[in-house]
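Student: I am new to this structure. Please take one part of it and go through that part closely.

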Amino acid sequence: MLQTEKSTTGFDPNVAAALSYVLGWVTGVAFLLLERESKFVRFHAMQSTIVFLVLSVICILLQSIPILGMLIAVFFVIPLSAVLWLILLFKAYQGERFKVPVAGDMAEQRI
């Protein structure tokens with residue numbers, strides 16, 4: 001379902017939502033600050049911020065554990081992040097309000 005509400009960023013809502021995932025939590029925060037009208041864009045920006053900030057913290061914490069933590073981060077967390085990033089980017093561009101379990105509910109409550 002393609003979104004028809006306006007976006008204050010000047011982009012179509014589906015493009016703005018997809019762009020909120022491009023650099024993970026960084027663009028999520030940027031679109032949260034820039035977007036005022038579109039709840040669709042704000043939802044994706046908030047979800048991007050929550051999901052990728054949590055994954056970044058997990059990755060950093062795991063890498064502080066010698067050998068095993070680094071292996072888990074490199075072979076599990078980073079590939080999971082990449083796959084999730086692609087899925088979320090694609091779903092947002094399609095105009096779909098795709099929710100990641102837990103993080104999607106948190107994002108919905110905060111917009």
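**Helix 2 and the core**

Tutor: This is a predicted model, and the part to look at is helix 2, followed by the core to which helix 2 contributes. Helix 2 spans residues 25-34.

Start with what is hidden. In helix 2 the buried residues are Thr27, Gly28, Phe31 and Leu32. These residues lie on the same side of helix 2, because the arc they cover around the axis is only 145°. The general background is that an α-helix has 3.6 residues a turn, so residues three or four places apart point the same way. Leu33 and Leu34 are exposed, on the other side of helix 2.

Next, the cover. Helix 1 and helix 3 are among the elements that cover the buried residues of helix 2. Take helix 3 as the partner to follow. The two helices, 2 and 3, pack with their axes 7 Å apart and at an angle of about 145°, and the crossing of helix 2 past helix 3 is left-handed. On the helix 2 side, the residues that meet helix 3 are Trp25, Gly28, Val29, Phe31 and Leu32. Helix 3 meets them with Val41, Arg42, Ala45, Met46, Ser48, Thr49, Phe52, Leu53 and Ser56. By type, the residues of this contact are 9 nonpolar, 4 polar and 1 charged.

Phe52, one of the helix 3 residues that meet helix 2, leads on to the core. The largest nonpolar core has 25 residues, and those that touch the most other members are Val51, Phe52, Leu55, Leu84, Leu88 and Val100. At least two residues of this core come from each of helix 1 (13-19), helix 2 (25-34), helix 3 (39-63), helix 4 (68-93) and helix 5 (103-110). Helix 3 supplies the largest share, 11 residues. As a general tendency, nonpolar side chains in soluble globular proteins are buried together.

Two members of the core show how distant parts of the chain meet. Val100 sits in the loop between helix 4 and helix 5. Val100 counts as buried because its relative accessibility is 13%, and the cut-off for buried is under 20%. In sequence Val100 and Val51 are 49 residues apart, while their C-alpha atoms are 8.1 Å apart in space. Leaving aside neighbours within four places in sequence, Val51 is in contact with Leu84, Val100 and Ala103. With the same neighbours left aside, the contacts of Val100 are Gln47, Val51, Leu84, Leu88 and Asp105. Leu84 thus appears in both lists, in contact with Val51 and with Val100.

Terms used
Residues numbered from 1 in each chain as written. Predicted model: local features only at pLDDT ≥ 70, side-chain atom pairs only at ≥ 80, totals over all residues. Heavy atoms only, no water. Core = buried A, V, L, I, M, F, W, Y, C linked by side-chain atoms within 4.5 Å. Buried < 20%, exposed > 50% of the residue type's maximum accessible area, 1.4 Å probe, protein only. Helix = DSSP H or I, 4+ residues; strand = E, 2+ residues; numbered from the N terminus. Contact = heavy atoms within 4.5 Å. Arc of directions from axis to C-beta. Axes fitted to C-alpha atoms, helices over the stretch in contact; angles between N-to-C directions. Left-handed = near helix turned anticlockwise from the far one by under 90°. Nonpolar A, V, L, I, M, F, W, Y, C, P; charged D, E, K, R; others polar.
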